[in-house]
Each structure stands twice: as structure tokens, then as C-alpha cells.
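The report that follows goes through a protein model for a reader who works with coordinates. Please keep the structure open while reading.

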Amino acid sequence: MIVLGIETSCDETAAAVVDSEHRILANKVLSQLDEHRPYGGVVPEIAARSHMEHLDRLIREALEEAELTFADLDGIAATSGPGLIGGVFVGMMTAKSIAAARKLPFIAVNHLEGHALTARLTEGAEAAAFPYLLLLVSGGHCQLLSVEGVGRYKKLGSTIDDAVGEAFDKTAKMMGLPYPGGPHLERCARNGDPKRFDLPRPMKGRPGCDFSFSGLKTAVRNKIEGLIGRDADPALLSDQDRSDLAASFQAAVGDVLLDRCKKAMDLFESEFGQCGPLVVAGGVAANIALREKLTALCTSRKTELLAPPVALCTDNGAMIAWAGLERLRLGLSDDFATPARPRWPLDQLKGATESDRAS
Ligand code: KG4
Ligand code: ZN
């Protein structure tokens, strides 16, 4: 089975082709970062127009790279939400048009399901057999879920304010680092002392698996004001201050994520008799320091951390193609009336039935 996947829900235009042997036959990703950087964040109108301009070419290039034509495909998958609605329209309408013209099934993929199932593409369906525990950490989301099958997710906890990637980006901006701040902050933290600034660990030790990051962000702002004064230009921070702030912030985030994962493992274990494997997905899963902490946690709990390669943790088309393929082989496809959804929680998906799951 071969599926083309299209991703246009945020600021990456992406088209990829995967097959049921877990091969990524092509994976084209065009970042719009340069277009949004002057505004310090993603501008929805610019994003949608840019997807319009580049998507057709990326699809053509993906097929060329895979040495395939539309006639070789078994289905067309596109992100149908959650995300910036203008961009989602572009990807969905393109996918529906190809599917209509070539008489192929169309699969409406939830972007978060794309992240959730990536480990099954990269690590294999045996290593990432259902059920597993998922920590989804991206710019727009921060959730812990039990993944019980395709379309079958149970939310164990989520953020009550900022997503973790958003917290990285906002904190980095306060420190004068370029957009998007996550990777810059991580780089900066490498030379820093994580113990220099005493920062809070919001939600640590609390019952349940929810997250909160806005208090941590405010605490960093207070530390910055203590160093250079209120509303001062962050360029006044010394390199050492910036590195120590970054390291202290990253350590606090890591502690919080670890604490919440421990709680989720306990819940998961009481339901399934095992505490993992733990799959980490989303852009923040590119953070090496965080991966190291999660690996240590999994080792101590005698389970495994499954982390897809960094390039497949950030937004891409291969994850959408793979989620589409997983759905298609269970007989799940969608009609052309399927809407684009700006919001679409993972625990509200159309999923496989019990008998599908057993097969
Ligand atoms: O999954 P993703 O590509 O897009 C969304 O669906 O949100 O995630 C992007 C987010 C951004 O907030 C970015 O700063 C963050 O992931 N990110 C990182 C790192 N690389 C990307 N955060 C921390 N450390 C990193 N190395
Ligand atoms: Zn994403």
C-alpha cells in the first residue's frame, strides 16, 4: 500500500510518500520560517498563501523522488485539523481534488494522530505496538495520552495554559533569542548552569497529569527584570546570564515533564499492567536534554522510550501519509464533505472497531 500525505496546518508545507513496508519514499518539507520571522510568530494569512504557492510543486517533487505517479497510489491523506484553518483548507482541497480526479480514497488525518503514530512508522509496529503511552509536546499542544489503537486515544492530562513549545518560544523571546526560540534556547542552555536561577516547577507533585507553564514563564521574566531592569532590551543580558537562564528554564521544564510522565505511567500501569513504552512526539521532542531525562525515567521504570528521529518529530508529510495508511488499511477513509477543523481533540476521533484492532 502506498499513500501520499499532505501537511499544511501551520508553517511547514509538506508532501511525502510512504508505503506499508515502513519505507519513506519521499519526504519534502518547505519551512516558511523566513516569511514569518519578521513578525515574531506565524501569520495565518501569509501561511495560507505560501501553502497555495508551493504545495503543487512539492507534491510533484515528492512523486518524482519516489519514482511514482498518481496511478501508483492507494490513497491521498491530508491534515484536516487541528491547525490554522486557511492552511488546512489548502491541503485538504488539494488532496480531495487529486482523490476525485484519480478516483482514490481520501483520508482526513488529525495532525496530532500523525505525531502520535510516527513511532510506528519509524520504530516498527512491533516496538510501538498498542497500547503505549504518548507524550505529545509541540508548539500548540502538551498532552499525555494512552494510545490504544488507530483513532483510539484517552487523554490523561494536558496543559491548562501554554503549550510547552509555546513556553520555550515565549521565554526565548524574552531572553532576546530569535524565533522560533525552542532550538535556540536549547543551544544556549548547553553552556549554562541549571542551578543558578531558582525557578518554580508548576504542577509538580500534584495529583493527575495536567501541565502548566505560564507561571514558569513569569518567573523567568522576573529574573530577567532583576538582572537588567523592567522593560529593558534583552540584548543587555550577558551571554552567561542568558545561558544560565536557558539552562535553569530547561531544567524546570524537564522536571515538570518527568513528574507528569511518572504520574501517567502509574495510571497507564494500573489499566494495562505495564508502564510503557513511552513514545515522545511533537517539535519539542527534538530537545536532546529532554530526551535524555525521559530515557533515564524509562530505564528506571524498566520500559522503553521510543523517540522518532528529530526530523520526523517536527511537522512533516510522512507522519500524515503514515497515519493515512494506518487508517486506510483498517478500511477507514473519508468523504469529500469532511470539514476542515481548527480544533479537533484526539480523543474525539473516528476510530477502528474492536474487531479491526484485533486483526
Ligand atoms: O510539532 P511542531 O513542529 O509544530 C507544532 O505542531 O506546534 O513544534 C514546533 C515547536 C516550537 O514551539 C519549537 O520552538 C519547538 O517545537 N522546538 C523545540 C526544539 N525544537 C523545536 N523546543 C525545545 N527544544 C528544541 N530543540
Ligand atoms: Zn505538529
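## Domains and basis of the model

The protein is divided into domain 1 (2-120 + 311-358) and domain 2 (131-303), with bounds that come from an automatic or database domain assignment. The centres of domain 1 and domain 2, taken over C-alpha atoms, are separated by 27 Å.

This is a predicted model, in which local features need pLDDT of at least 70 and side-chain atom pairs count only at pLDDT 80 or more, while totals for chains, interfaces and linings use all residues. Residues are numbered from 1 along each chain as its sequence is written, chains are lettered from A and ligands numbered from 1 in the order in which they are written, and side-chain values use heavy atoms, with hydrogens and water left out.

## The sheet β3-β2-β1-β4-β5

Five strands form an open sheet in the order β3-β2-β1-β4-β5, with mixed pairing; strands (E, at least two residues) and helices (H or I, at least four residues) are DSSP runs numbered from the N terminus, and two strands pair if DSSP finds at least two bridges between them. The edge strands, each pairing on one side only, are β3 (24-31) and β5 (106-110). From one strand to the next the twist averages 20°. Helix α4 (residues 111-122) packs on this sheet and touches β1 (2-7), β3, β4 and β5, its direction making about 95° with that of β5; contact means heavy atoms within 4.5 Å, and the angles, which run from 0 to 180 degrees, are taken between N-to-C directions of lines fitted to C-alpha atoms, for helices over the stretch in contact.

At one edge, strand β4 (residues 75-81) and β5 run parallel and are joined by five bridges, with Ala78 standing opposite Ala108 in β5. At the other edge, β2 and β3 run antiparallel and are joined by seven bridges, and the bridge partner of Ala14 in β3 is Val29. The hairpin of β2 and β3 has four residues between the strands, and His22 takes a positive phi near 70° there, although His22 is not a glycine.

## The sheet β8-β7-β6-β9-β10

A further open sheet of five strands has the order β8-β7-β6-β9-β10, again with mixed pairing. Its edge strands are β8 (152-158) and β10 (305-306), each of which pairs on one side only. Helix α8 (residues 239-272) packs on the sheet, where it touches β6 (132-137), β7 (142-149), β8 and β9, and its direction makes about 25° with that of β7.

Strand β9 (residues 278-281) pairs with β10 in the parallel sense over two bridges, and Leu278 stands opposite Leu305 in β10. β7 and β8, by contrast, run antiparallel and are joined by six bridges, with Leu145 opposite Lys155 in β8. The hairpin that β7 and β8 form has two residues between them, and Gly151 in the turn has a positive phi of about 75°.

## Cis peptide bonds

The peptide bond from Gly81 to Pro82 is cis, with omega near -15°, and Pro82 is placed in the loop between β4 and α3 (85-102). The bond from Gly276 to Pro277 is cis as well, with omega near 5°; Pro277 has its place in the loop between α8 and β9.

## The interface between the domains

In the contact between the two parts, 29 residues of domain 1 meet 23 residues of domain 2. The area buried between domain 1 and domain 2 is about 2100 Å², of which carbon and sulfur atoms give 64%; buried area is the accessible area (1.4 Å probe) that two parts lose on being put together, summed over both. On the side of domain 1 that touches domain 2, α4, α11 (318-328) and α12 (354-358) each supply at least two residues, and the largest share, seven residues, comes from α4.

## Salt bridges

Side chains of opposite charge can pair when their charged atoms come close. With a salt bridge taken as a side-chain nitrogen of Lys or Arg within 4 Å of a carboxyl oxygen of Asp or Glu, the count comes to 23 salt bridges, while zero are found across the interface of domain 1 and domain 2. Lys28 forms a salt bridge with Glu61, the closest N and O atoms being 4.0 Å apart. Lys28 lies in strand β3 and Glu61 in helix α2 (residues 44-66), so this pair ties together parts that are 33 residues apart in sequence.
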